[in-house]
Amino acid sequence: MAGTTDEARLEERWRDILAVHARTQGEIDRALHPYGLGASDFEVLDLLATATPPSGEQCRVQNLVGRLHLSQSALSRLIARLEKNGLVERSACPTDRRGVYVQLTARGRELHAETLPVQRAALARALGD
């Protein structure tokens, strides 16, 4: 009987986590919509703005995959959309034909700086801080 209770508590905790994630994602999406961004778009911009690759190197798309809740293909599509909107630029890795670098454009940096306080305020609202 204790096992069933433990499993029920575990399942309840899991559903609570999912509910918080959904609520937070929705709050961020609504806040960023006027800027033409969604939560995942902002996450990519934020990671690129705060990424500190070794000197002389750029951020590889592959390195972003583990830091986002997106698959490699979904991330590639998102980056293509951000590139089309002039927020990031991609370039081929000269030493690895499979590798793709991505970096913010000046416009991407400006939009990130403008939306950072908006996203943080949405986080605070959603998470109650």
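With a relative accessibility of 19%, E27 counts as buried, just inside the cut-off of under 20%. This residue of the predicted model offers a handy way into the charged pairs of the protein. Confidence is worth a glance beforehand: the mean pLDDT is 88, and 91% of the residues reach 70 or more. Among the elements, helix 5 (residues 106–127) has the highest mean pLDDT, 96, and strand 1 (residues 59–60) the lowest, 76.

Side chains of opposite charge can pair when their charged atoms come close. Seven salt bridges are found in the structure. In one of them, E27 is joined to R125, with 2.6 Å between the closest N and O atoms. This pair links distant parts of the chain, since E27 sits in helix 1 and R125 in helix 5, 98 residues apart. R125, unlike its buried partner, is partly exposed at 48% relative accessibility.

A second bridge connects D41 with R81, the closest N and O atoms being 2.8 Å apart. D41 belongs to helix 2 (residues 39–50) and R81 to helix 4 (residues 72–84), so parts 40 residues apart in sequence are tied together. Here D41 is buried at 7%, whereas R81 is partly exposed at 43%. R90 and E83 also form a salt bridge, at 2.8 Å; E27, R30 and R125 are joined into one network by bridges that share partners.

Helix 5 also carries Q119, which is buried at 2% relative accessibility. Beyond its neighbours within four places in sequence, Q119 is in contact with I28, L32, F42 and E43. On the surface, W14, I17 and L18 make a nonpolar patch of about 310 Å².

Methods
Residues numbered from 1 in each chain as written. Predicted model: local features only at pLDDT ≥ 70, side-chain atom pairs only at ≥ 80, totals over all residues. Heavy atoms only, no water. pLDDT = per-residue confidence, 0-100. Helix = DSSP H or I, 4+ residues; strand = E, 2+ residues; numbered from the N terminus. Patch = residues over 30% accessible without salt bridge, like charges linked within 9 Å, V, L, I, M, F, W, Y side chains within 5 Å. Areas by Shrake-Rupley, 256 points an atom, 1.4 Å probe, with all protein chains shown as cover. Salt bridge = Lys/Arg side-chain N within 4 Å of Asp/Glu carboxyl O. Buried < 20%, exposed > 50% of the residue type's maximum accessible area, 1.4 Å probe, protein only. Contact = heavy atoms within 4.5 Å.
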